[in-house]
Every structure is written in C-alpha cells, then in structure tokens.
Amino acid sequence: MSIDKVTVEVIRHFLEYTAEEMGIVLRNSAYSPNIKERMDHSCAVFDNTGRMIAQAEHIPVHLGAMPLAVKSVLRNFQDKLFPGDMIIFNDPYEGGTHLPDVTLIAPIFYRDHLIGFVANRAHYSDIGGKTPGSMPGDSREIFEEGLIIPPVKLVKKGKIDKEVLRIILANTRTPQIRKGDIYAQIAANLRGAERVTKILGKYGLETFQMAVNEILNYSERRMRNEIRKLPDGKYTGEDFLDDDGIEDKPVRIFVTIRIHGDSIEFDFTGTDPQVKGSINAPLAVTLSCSYYVLRAVTDPTIPANEGAYRPLEVIAPEGTVVNAKPPAAVAGGNVETSQRIVDALLKAFSKIIPEKIPAAAQGTMNNISIGGIDPRTNKPFTFYETIGGGFGGRYGADGVDGVHSHMTNTMNTPVEEIEKRYPIIILKYSLRPDSGGEGQWRGGLGIERVYKILAPATLSLLGERHKFAPWGLLGGKPGKTGEYLLIRERKTIKLRSKQSISLKPGDIIVIRTPGGGGYGDPSKREKKLIINDLLDEKITADRSLASEGDRS
C-alpha cells in the first residue's frame, strides 16, 4: 500500500498544529506569569517508539531534549502504560533539562494499541531548593536546586494521584500556583491526545503510520541534501563561560565539526570537565543545542522531527560540562551553558559558511529570581524571569535589539503583571545605548531593567557574558558585556553574574544585559545608518564621532 503526498502533508500539518494548540491551552490555563505571560513552555508529539514527529515553535532547549524524556518513559514503564495515564518528571539525568522544567507525558492509545505520546514541558517559578525560584547561582549539587521528580505516574487511567500531587506541592513555596500550572499541563495533553485520536479516526492506523514514516524520511532527505552543500572537512570552535559561580576561572566549551558527504558530526572532546557550580549541562541539553544549530545553519524550513537529526552524530564525553554526571548541579547548564554551546558551534560554522552565521548574540538568559513573603498577603511569593539582549549583526542586517535568542524563545514579563502580583516596582525598562558591537552591520542592543524591592527577599542571579564579551565576526567589534548592580542606601555595589543575596526593602537591582557582536568592518558602515542610530538614540554622540574617526 502506498500513500499520496497530499495526505502526508495534511497529516504533518495537523500534527504540527496539534502541538501548537497544546501550547495555547497550556498558556491560557496556567496560573503563573512565567508560563502565561512569558510562555516558558514547549509541546511536541511522538510516535510509539519515542521518535519526535512534530513540535510547536516553542523553546529550542526544551524541544531537543524531549525525545530522551519520552524514551525514559518507555524504558521505565514499558508495558505498564494504560489509556488515561500521564507521567510527570523533571530529573535532568532522565531526559529533563533542569529541575524547574517539569515535563508531563501522556501515552495515546487507539483501539487498545499504544500509537504515540504527547508531551509538554513548563518552567515552574519554584520547585523548592535552597533559594526561591529554584535557580541558585551558587549551588554545588542538584539537591540544592529543588525537588527531583523521577518518572512517576501523576495521572492513572484518567484519575490524578493525589498522593503524588501532595508530595510535589509540599516541596514548593507557592503550592496553589504550582497546582494550577500542573492542571494546565494536564489539560494541554488531553487536548493533544484528543486531536491525534481524531486524525487516526479519519485516516486509520495504517495510513497514519505510513504518513509518519514518510514525514521523518522527508526531513532526513532534505537535511542530507543541505549537508552535501557544505565542504567536507574538520572545523573547530571554542568559547568560554565566565565562571561556574563557585570558582573564579573560565570554563571552556570546545567542538570539532566533521563533515563527510551527507553526514555530520559534532564532537565536544576537549571541553572542560564538569565543575563545582551549576553550569553543568546534562546530555539532553547538549543534544538540544546541536539540533538547533544544525537546522539554523542549513534550512530552518525543514520540518523539525527525528528525521532531520538522523544525519547528525553528537559526541559529548561523559563527565564534562556538556554531559555531566550526577549529582552535579545543572540549573545553569540549561539556560547558560546551552547558549555557549551554540556560540562555539556557530564559531566553527563561521569558518565554513561565514555569510550565513551571525556574530555572537548576548549569550545569556540573565536569569533573575526574587522570593520572600509578600506583606500584602503574608504569603510566600516567587518571581522568576529571563531578560533579552542583543542579537549579533548579520550579513546584510543589523542585529535585533532587546530580544531572546538561540536556545530560548520566551516573551518578557509585562511591567503591569509584575507590579500587580509581586512587591516589586519596575523603575526602568529600556534598550541600552552603545551596547551593540560596531560593524558594517551593528550588533543588537542589550536591555536595562531596574527593580525596586518592597519587602525583605532573596535574590538569585544566574547570568553570563560579564567577562567574555559577545564576539564580533569578520572584523566586527564585540558587544558590551553584561552588568548587574545593587543600589542600597545610595551606595552602588557590583554583583557577580552568579550569586544569591538577601535584599532589604528599598533595594534597587539594576540588570544591564550584553549587546550582540558586530559583523564586518565598521569603517564600511553606511553613514545614513549611523545617523539613524544617533537619531533613534541607539548610539550616543561619542559613539558616532568614534565611528566617523574609524572611517577617516
């Protein structure tokens, strides 16, 4: 029996929108601003062997790791899955990313046969641990970062296991919000399973499975065709993390890219061993970064599924910061090391296809967590967000200003939402002039965001690019480094990029995020672009005069 291409495309788009619709349900049903407003969640669909067959355009670091999560469920439960079950977990060593990212996976049955899974992953603004927000910049082992949930059934044959739920809620500072988020994840999976079952009812199991195989093979064919366009050879790239939050020394990420015909290999041999602090990445995160870069440098229109990644082999030596062993702390591996893995890969690709590779983006997610007791309610609060920065300049275009880049894809938290829900006032939220690296095409600008704290609280910072600036490309200058400050009683204190401190009412926190690197020789920048930047206050007069001096 054969299947026509139109039917394959109909089923492919149906599955992709199923994942998108799951995200809509999750976002609209969630309680926490981190999910509802920042959209820090991801959804995907899998077949019964754990192959990803469709994903929404959500967060790359979540999505690339999900196949390991589904395979963990298959490994742990095998023939013990039933209609109506849902498995919850967050263990980074079982296919998770870091503990605040909680995954919920639901098997899909059709006429008593397991035919696939739907899954979603959402970042909780607190899952316990030593500091509110569960993102300590100075943790030394995973047990300090929150509750570890191994793969366990939260829903059994359609009924929520209240004992499992109670354990989870007892280990978070904001149980009512967590409960609402969990129920939103359940609702999203119910919608996904309903949609997949509907298309099975229309086309039948045999046609569906044939379509899935053709969808994956189609992505593989297109990816191999793209890889063939790249010159065979060996290319290397390296970049550095500022430090691990414990020891004040840089951490090296090194990669060798090997291209042979229609296959490609990313080999991270030479990367530093795992460290004491929280920037260790589990294997799932490194795979996510690798998948993201492969699609970005070839053809992003190739459907993102298991087939697209078949031509890629990833070598990540165990015991390094790109494949850490437990009980290493990993909170920052997902958010910070992931960005540096991308930077190292892009630097290597810049030697192959420089016209397609941008200069370095800000290279950090600027994680900020604040928690304490809200005096308005006398109840605990936990606030978490990440802050955008500059994207790197590109051939023919300036970098984008004030945007999340690469492994993250979230929105900002609206000022109104923060001030309504938390004892925090936002004093300033603006682009950061002169922060983009100079070049023929300028790097994007970073952001300045200023918080005033109204209650005693704990602040956790987890950021990067305070020492190693985002690099420029082909003569472009680096972007400006990040900077975190505490203003207390008219004294300004420079904060480290990774630390936890106590805050007093009236304290002001200043977050200045890095700008993107510039692309190309700055002396070749068109004068009208410099004038426009000056008029838009993206650069100052001093910067403009310096640019004119470089041209003369």
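**Side chains that meet: a quick tour**

Okay, let's start with the rings: this structure holds nine aromatic pairs. One of them is Tyr 291 with Tyr 309, and that pair is stacked, with 4.1 Å from centre to centre and 10 degrees between the planes. Before I go on, please keep in mind that this is a predicted model.

So where do those two tyrosines sit? Tyr 291 is in helix α8, residues 283–297, while Tyr 309 is in the loop between α8 and β11. That makes them 18 residues apart in sequence, so the pair ties those two parts together. And are they buried or exposed? Tyr 291 has 16% relative accessibility, so we call it buried, since the cut-off is under 20%. Tyr 309 is buried as well, at 13%.

While we're on rings, have a look at Phe 381, Phe 383, Tyr 422 and Tyr 451, which form one aromatic cluster.

Rings can also have a charge sitting over them in this model, and I've got two cases for you. Lys 157 lies over the face of Phe 82, 4.7 Å from the ring centre. Then there's Tyr 429: the charged end of Arg 449 sits over that ring, at 4.2 Å from its centre.

Right, on to salt bridges. How many are there? The count comes to 51. I'll just pick a few.

Find helix α1, residues 5–29. Glu 9 and Arg 12 meet there in a salt bridge, with 2.9 Å from N to O. The two residues are three apart in the helix, so about one helical turn separates them. Their surroundings are worth a look too: Glu 9 is partly exposed at 30% relative accessibility, whereas Arg 12 is buried at 11%.

Now compare that with Glu 21, which bridges to Arg 195, with the closest N and O atoms 2.8 Å apart. Glu 21 is in helix α1 too, but Arg 195 belongs to helix α6, residues 175–203, so this pair ties together parts that are 174 residues apart in sequence. Glu 21 counts as buried, at 11% relative accessibility.

One more pair: Glu 265 and Arg 258, whose closest N and O atoms are 2.3 Å apart. Glu 265 is buried, with a relative accessible area of 17%, while Arg 258 is partly exposed at 32%.

Salt bridges can share partners as well. Here, such bridges join Asp 239, Asp 243, Asp 248, Arg 340, Asp 343, Glu 464, Arg 465, Lys 467 and Lys 498 into one network. Try clicking through those in the viewer.

What about disulfides? There are zero in this structure. Take Cys 43: the nearest cysteine sulfur is the one in Cys 289, and that is 20 Å away. Why is there no bond for Cys 289? The closest cysteine sulfur to it is in Cys 43, and 20 Å is too far for a bond. Cys 43 is buried, with 0% relative accessible area, and Cys 289 is buried at 0% too.

Last stop, the surface. Which residues form a nonpolar patch there? Ile 425, Leu 427 and Leu 454 do, and together they have about 240 Å² of accessible area. Leu 427 is in strand β14, residues 424–432, and it's partly exposed, with a relative accessible area of 47%.

That's my tour, thanks for listening!

Key. Residues are numbered from 1 along each chain as its sequence is written. This is a predicted model: local features need pLDDT of at least 70, side-chain atom pairs count only at pLDDT 80 or more; totals for chains, interfaces and linings use all residues. Side-chain values use heavy atoms; hydrogens and water are left out. Patches are made of residues with over 30% relative accessible area and no salt bridge: like charges are joined within 9 Å, nonpolar side chains (Val, Leu, Ile, Met, Phe, Trp, Tyr) within 5 Å. Accessible areas come from the Shrake-Rupley method with a 1.4 Å probe; for residues, only the protein chains shown count as cover. A salt bridge is a side-chain nitrogen of Lys or Arg within 4 Å of a carboxyl oxygen of Asp or Glu. Helices (H or I, at least four residues) and strands (E, at least two) are DSSP runs, numbered from the N terminus. Buried means under 20% relative accessible area, exposed over 50%, partly exposed in between (1.4 Å probe, protein chains only). Rings of Phe, Tyr and Trp (its six-membered ring) pair if their centres lie within 6.5 Å; planes under 30 degrees apart count as stacked, over 60 as edge-to-face and the rest as tilted. A charge sits over a ring if NZ of Lys or CZ of Arg is within 6 Å of the ring centre and within 35 degrees of the ring normal. A disulfide is a pair of cysteine sulfur atoms within 2.5 Å.
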